[in-house]
Amino acid sequence: MTTQSASSDLYFSTARQLRSKFDAREISSVEATRLTLERISTLEPYLNSFITVTPERAIADAEIADQRLRGAGQEPTSLTGVPVLVKDNFSTKDVETTAASKILKGYVPPYDGTVVRNLKDAGAVILGKGNLDEFAMGSSNESSAFGPVHNPWDTERVPGGSSGGAAAAVAAGECFIGFGSDTGGSIRQPASLCGVVGMKPTYGLVSRFGLLAFGSSLDQIGPITRTVADCADALNVISSLDHRDSTSVAAPFADFGQDIDSGIAGMSIGVPKEYLVGGMEPGVRSAFEASLKVLEDLGANISEVSLPLTDHALAVYYIIAPSEASANLSRYDGVKYGLGSLEESTSAQATEAVRGEGFGDEVKRRIFLGTYALSAGYYDAYYKKAQQVRTLIRREFTDAFLKYDALVTPTSPSVAFKIGDKTEDPFQMYMNDVCTIPVNIAGLPAISVPGGMSEGLPVGLQFIGPQFGDTTVIRAAAAFEHTTGWHNNHPLI
Amino acid sequence: MEPLTPEDVEYIAQLAYIKLSDDESEKMRVQLTNILGHFASLSTVETEGVEPTGHTTDSNTVMRKDEPQPPLDREQVLRNAPDRDGEFVRVRPVLE
């Protein structure tokens with residue numbers, strides 16, 4: 001396999017570099033798309049990042065993009081002609097959409113979700129649909145009905161999840177940007193484990209219309225990229241006020257990257273001590289401490305802050321997310337699309353059979369957990385209690401942001417673990433999200449950037465901002481990235 | 001907390017419309033009991049008088065203009081149904 005060559009220069013280009021090459025006529029979008037499709041064919045037997053690849057559509061879109069880049073039609077955008085992946089829980093018109101579940105096998109949506117629409121309008125070239133944990137429920141990509149994704153840094157290890165296909169594909173040069181969804185860390189944690197950038201924007205800034213719903217009050221779409229600048233560009237394309245999503249809000253700023261070059265001298269950054277949990281790997285901790293030193297050298301004021309309710313965030317999340325999931329997934333009844341059952345003698349029996357057959361273990365576990373938490377007699381003790389503690393967690397963050405511009409934490413307590421290592425104990429798997437979950441509970445923006453290496457594997461650094469502080473976390477992450485250059489490390493695949 | 005009983009699991013399965021095998025039911029009982037045990041600490045948080053948070057954008061009932069939009073293509077929608085009859089989706093008998 002190639003490591004250093006002209007083609008690997010292309011595969012590991014940033015989206016911005018690729019766009020410059022289009023403008024300089026060094027390469028066309030069709031050529032870049034063909035080379036990327038070849039790269040996908042070569043690597044997929046080892047990685048399994050994609051559930052569906054759509055080469056003919058991609059080439060056709062690239063041809064149109066090339067015309068646009070040469071001045072025909074609309075003004076090109078930052079993503080015109082750039083080959084990207086979208087997670088397979090994004091509704092794509094005429095292209096099978098499975099959410100990595102057997103229950104949706106064969107489902108072909110009659111419409112595009114808003115983010116897919118925005119990407120097409122911008123002229124991005126969609127290569128196909130990224131693998132994920134079934135219905136985005138997982139932290140390792142092992143719950144996919146289409147098999148696990150392998151981490152390009154070590155193919156015996158997981159890429160993280162649930163947007164594991166997107167993160168692995170970006171890290172391995174199978175696409176230039178991957179779009180994922182993040183309910184409790186599903187963009188940031190795989191970005192961390194694969195050594196790339198991943199961001200969950202403030203809840204509401206990106207439309208959820210056409211995202212197959214998991215936890216509606218927590219879900220948010222965002223990009224996985226090689227650099228922070230690409231992340232800001234991608235967010236500018238996908239963020240929009242959308243009347244099809246009643247929780248959609250307009251961004252109070254014009255450009256996610258408006259402060260990207262401002263540096264962090266004088267910025268006040270808090271280190272929440274509760275995030276440095278007991279189970280954190282020593283290599284992750286030492287990389288984190290080295291990163292804090294970098295931030296100090298860049299002129300940031302770093303100090304410790306206490307957010308005591310962090311210890312309850314995991315419980316709050318694993319009540320609220322499964323409760324919302326149990327309601328959202330009630331639509332999969334085997335009548336309108338996907339798996340059906342023609343054998344049973346009543347409609348109710350057919351539904352029970354289809355759902356028993358079509359959902360995997362983790363999805364069933366969460367539906368059961370949520371159904372229990374919402375059932376008569378337990379609602380107050382679990383669901384309502386969790387929503388009240390959610391209020392308190394939000395207040396704790398709001399208070400912290402009176403004093404700090406941003407918070408900084410490790411993204412994940414561990415580097416990528418071996419496939420199969422954590423599948424026996426569901427709660428151990430849930431612990432992977434301990435640093436990312438509080439952000440979704442409070443609806444905040446957060447970004448993970450490459451923050452060092454431990455045992456030859458990438459470690460992520462997470463910046464958390466106040467609500468609508470997206471430009472601040474992008475600014476801090478860009479300053480860190482510029483100084484450390486960790487993002488220039490690529491797997492030898 | 002008290003461990004869940006097989007009857008608890010059967011009741012949840014009915015509410016959730018999911019058929020489990022006997023092995024799956026027992027595994028689910030053990031795993032749910034374990035996970036719920038980790039949530040017990042929530043009861044130690046004082047929440048008297050605290051409003052619950054449903055979502056974080058602080059917007060309430062959002063209305064949009066009542067304007068006609070083009071509908072989805074009927075054939076494309078129906079093509080996804082596991083069992084159809086012309087313009088109809090077929091279901092198993094609702095009443096036994």
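The following exercises, each with a worked solution, concern a predicted model.

**Exercise 1. The surroundings of a strand**

Determine whether strand β2 of chain A is enclosed or open, and identify the strands with which it pairs.

Solution.
- Step 1. Strand β2(A) covers residues 83-87, and five of the five residues are buried, so the strand is largely enclosed by the rest of the structure.
- Step 2. In a regular strand, side chains point alternately to the two faces of the sheet. In β2(A), Pro83(A), Leu85(A) and Lys87(A) lie on one side, while Val84(A) and Val86(A) lie on the other. Both faces are covered, since each of these residues is buried by the criterion of 20 or more other C-beta atoms within 10 Å.
- Step 3. Strand β3(A), residues 125-130, runs parallel to β2(A) and is joined to it by five bridges. Within this pairing, Lys87(A) has Gly130(A) as its bridge partner.
- Step 4. Strand β4(A), residues 177-182, also pairs with β2(A) in the parallel sense, over three bridges. Here Leu85(A) stands opposite Gly178(A).
- Step 5. Helix α5(A), residues 114-122, forms a right-handed β-α-β unit together with β2(A) and β3(A).

**Exercise 2. The environment of Val459(A)**

Decide whether Val459(A) is buried or exposed, and name residues that it contacts.

Solution.
- Step 1. Val459(A) belongs to strand β11 of chain A, which spans residues 457-464.
- Step 2. There are 30 C-beta neighbours inside 10 Å, so Val459(A) counts as buried.
- Step 3. When neighbours within four places in sequence are set aside, the contacts of Val459(A) include Ser192(A), Val284(A), Ala287(A) and Val415(A). Gly451(A), Gly452(A), Met453(A) and Ser454(A) are also in contact with Val459(A).

**Exercise 3. Backbone features in loops of chain A**

Compare the positions and the burial of Arg25(A) and Phe135(A), then locate the cis peptide bond between Gly161(A) and Ser162(A).

Solution.
- Step 1. Arg25(A) is not a glycine, yet its phi is positive, at about 60 degrees. Arg25(A) is placed in the loop between α2 (15-23) and α3 (29-47) of chain A.
- Step 2. Because 9 other C-beta atoms lie within 10 Å, Arg25(A) is exposed.
- Step 3. Phe135(A), likewise a residue other than glycine, has a positive phi near 50 degrees. Phe135(A) is found in the loop between β3 and α6 of chain A.
- Step 4. Because 31 other C-beta atoms lie within 10 Å, Phe135(A) is buried.
- Step 5. The peptide bond that joins Gly161(A) and Ser162(A) is cis, with omega about 10 degrees. Ser162(A) lies in the loop between β3 and α6 (164-172) of chain A.

**Exercise 4. Chain B and its contact with chain A**

Describe the form of chain B and the composition of the side that touches chain A.

Solution.
- Step 1. Chain B contains three helices and two strands, in the order α-α-α-β-β from the N terminus.
- Step 2. Its radius of gyration is 22 Å, well over the 12 Å that the globule rule gives for 96 residues, so chain B is more spread out than a compact globule. The C-alpha atoms of chain B fill a box of roughly 55 × 45 × 20 Å along the principal axes.
- Step 3. Of the 96 residues in chain B, 18% are buried.
- Step 4. The contact involves 43 residues of chain B and 56 residues of chain A. On the side of chain B that touches chain A, the elements giving two or more residues are α1 (6-16), α2 (22-38) and α3 (74-78) of chain B. The largest share, six residues, is that of α2(B).
- Step 5. By type, the residues on this side of chain B comprise 23 nonpolar, 13 polar and seven charged.

How values were computed. Residues are numbered from 1 along each chain as its sequence is written. Chains are lettered from A and ligands numbered from 1 in the order in which they are written. This is a predicted model: local features need pLDDT of at least 70, side-chain atom pairs count only at pLDDT 80 or more; totals for chains, interfaces and linings use all residues. A residue is buried if 20 or more other C-beta atoms lie within 10 Å of its own, exposed if 12 or fewer, and partly exposed in between; C-beta atoms are placed from the backbone. Helices (H or I, at least four residues) and strands (E, at least two) are DSSP runs, numbered from the N terminus. Two strands pair if DSSP finds at least two bridges between them. A crossover is right-handed if, with the strands pointing away from the viewer, the path from the first strand over the helix to the second runs clockwise. Two residues are in contact if their C-beta atoms, placed from the backbone, lie within 7 Å. Ala, Val, Leu, Ile, Met, Phe, Trp, Tyr, Cys and Pro count as nonpolar, Asp, Glu, Lys and Arg as charged, and the others, Gly among them, as polar. The radius of gyration is taken over C-alpha atoms; the globule rule is 2.2 Å times the number of residues to the power 0.38.
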